[in-house]
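Work through these exercises with the structure open beside you. Try each task before you read its solution.

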Amino acid sequence: MPKRVLILGGGFAGIQAAMDLDPAARRGEVEITLVADQNYFLFTPLLPQIASSNIDPRHIAQAIRDLRGGHRFRFVRASLSAIDVERHEVRLEQACTPDGLDVLPYDYLIVAPGSCTDYFRIAGAKEFTHDFKSLEDAVVVREHVLDLCEHADHTQDPEIRRRLLTFVVVGGGYTGIELVTELHDLLFLYVAKRFRGIPADEIKLVVLEAGSEVLRGVHPKLADHSRRRLARKGIEVRTNTPAARCFAGGVEVKGGEKIASDCVVWTAGVRAQPIVAAMPGPHDRIGRAIVNDQLQLEGHPEVFVAGDSAAAISAQDAPRVAPVAISHGRLAARNVAHHIRGEALESYRYVSKGMLVSLGMNYAVVSIGGLRFSGYFAWLFWNIVHLYTLVGFKKQLQVGVDWLLGLVFPRDAAIVRRPRTCPYCGKQNP
Ligand SMILES: Cc1cc2nc3c(=O)[nH]c(=O)nc-3n(C[C@H](O)[C@H](O)[C@H](O)COP(=O)(O)OP(=O)(O)OC[C@H]3O[C@@H](n4cnc5c(N)ncnc54)[C@H](O)[C@@H]3O)c2cc1C
């Protein structure tokens with residue numbers, strides 16, 4: 001009788017676990033079900049390039065049913081509502097099939113629903129800033145930026161122009177820095193050239209970082225180098241400047257200064273999904289489940305936690321990045337197979353695979369092993385690595401072609417979905 005393995009999440013960790021359990025499924029040892037609230041795997045490292053219109057959104061989303069070996073696992077698109085580790089079952093948000101599938105029982109569970117945005121209880125942050133975690137978020141940011149430019153192009157009032165053309169990114173981690181440099185490319189390589197009413201010197205990009213440095217986790221020399229590069233591009237990076245309050249039309253920083261902006265994007269923090277924070281056992285300060293080195297939940301050897309949701313006991317400081325999630329997914333799959341066969345389980349050891357940060361077109365910083373380099377070749381390396389790690393040949397081809405077209409043709413500035421309200425006059429769009 002095959003064991004029922006339930007995988008929660010179709011991200012880096014969940015997909016990797018499903019693929020690595022494939023041989024066991026072929027041998028009839030396991031029956032795999034993967035649950036996620038989206039029917040595609042999202043390649044998040046390229047999200048900033050969706051916001052800058054360098055890549056078509058669908059090209060970084062791979063339908064889960066099309067993944068290699070997909071026919072050997074059952075996919076259920078549904079939102080999770082609760083994990084009951086005592087009864088060995090997971091409840092879904094709503095009955096999502098005609099016969100009301102709302103409870104999934106399991107023999108082994110791999111929990112990998114990733115993380116969600118942490119607004120640190122800052123007033124107005126959730127309501128008045130753009131989130132930047134999903135494909136939809138990136139599309140919305142792109143359309144919003146272009147929409148503001150369309151307004152600024154024919155607006156005379158200098159104060160309103162300033163607000164429309166000031167773009168603020170809260171958070172100086174790699175997501176915030178990659179996003180602001182991509183927005184810089186869109187605004188300076190495209191908007192400033194095509195919009196007659198927008199001179200380049202009126203566009204302002206600001207990064208607000210609460211800590212004393214940006215790109216924490218990257219080698220200090222490279223972080224410093226990146227900061228100087230951003231300054232040369234005219235991007236204002238303000239460290240030790242936490243956002244204190246957000247409101248319609250801007251953000252107030254600690255000390256009371258207000259920055260007027262109709263586009264504030266929040267990349268400042270993440271925390272575990274509520275469903276993980278609600279699981280029994282110890283959790284770290286951002287709600288991740290603290291699991292043993294075999295990734296098992298305390299008191300539940302049949303439950304494995306992986307990716308952004310897990311803090312392995314000896315590697316709690318491991319960064320929340322894709323390579324860690326992939327290793328977790330692999331290990332969880334192997335340990336499920338070991339457990340079924342009564343073999344000894346393997347332990348997780350965090351080994352940094354290095355850091356690659358793109359600083360817009362033609363420039364990146366790379367730190368791998370003892371090797372550190374920056375500039376054009378680092379940018380080529382960044383591109384090759386990301387193209388190689390994209391899931392599926394079709395997606396690799398599509399992104400590669402997008403990049404090549406981007407070298408020759410202007411960015412695509414079509415606004416496909418109009419914002420519900422006009423940010424300029426507040427009027428509802430039909
Ligand atoms: C904008 C951005 C840029 C990034 N850039 C990089 C980078 O350049 N390099 C890097 O290494 N890392 C990067 N990361 C981090 C990386 O994406 C994460 O560390 C990685 O995705 C974690 O993998 P995971 O499998 O734990 O979760 P995810 O990949 O986030 O997958 C979570 C899965 O769970 C599903 N899910 C979540 N909640 C529910 C629910 N309630 N019900 C059902 N399903 C649910 C989601 O739909 C998804 O399928 C970036 C992240 C972001 C947001």
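Two strands pair if DSSP finds at least two bridges between them. Keep in mind that this is a predicted model.

**Exercise 1.** Find out how strand E25 is joined to strand E24, and what the turn holds.

*Solution.*
Step 1. Locate E24 at residues 355-358.
Step 2. Four bridges join E24 to E25, and the two run antiparallel. That meets the cut-off of at least two bridges.
Step 3. Check one pair: Val357 has Val365 in E25 as its bridge partner.
Step 4. The hairpin of E24 and E25 has five residues between the strands. In this hairpin, Gly360 takes a positive phi near 90 degrees.

**Exercise 2.** Repeat the analysis for E25 and strand E26.

*Solution.*
Step 1. E26 covers residues 371-375.
Step 2. Five bridges join E25 to E26, again antiparallel.
Step 3. Phe373 in E26 stands opposite Val366.
Step 4. This hairpin has two residues between its strands. Gly369 in the turn has a positive phi of about 55 degrees.

**Exercise 3.** Is E25 largely enclosed or not, and why?

*Solution.*
Step 1. Buried means under 20% relative accessible area.
Step 2. Four of the five residues in E25 (364-368) are buried, so the strand is largely enclosed by the rest of the structure.

**Exercise 4.** Describe the surroundings of the ligand.

*Solution.*
Step 1. There are 29 residues around the ligand; Ala13, Asp37, Thr44, Asp308 and Ala322 come nearest.
Step 2. Sort the shell by class: 15 nonpolar, 10 polar and four charged residues.
Step 3. Helix H10 gives the most to the shell, with three residues.
Step 4. A backbone N or O atom of Leu80 lies 2.9 Å from a ligand nitrogen atom. The protein covers 88% of the 1000 Å² of accessible area that the ligand has on its own.

Key. Residues numbered from 1 in each chain as written. Predicted model: local features only at pLDDT ≥ 70, side-chain atom pairs only at ≥ 80, totals over all residues. Heavy atoms only, no water. Near = heavy atom within 4 Å. Polar contact = N/O pair within 3.5 Å; in protein donor to acceptor, adjacent residues only side chain to side chain. Areas by Shrake-Rupley, 256 points an atom, 1.4 Å probe, with all protein chains shown as cover. Nonpolar A, V, L, I, M, F, W, Y, C, P; charged D, E, K, R; others polar. Buried < 20%, exposed > 50% of the residue type's maximum accessible area, 1.4 Å probe, protein only.
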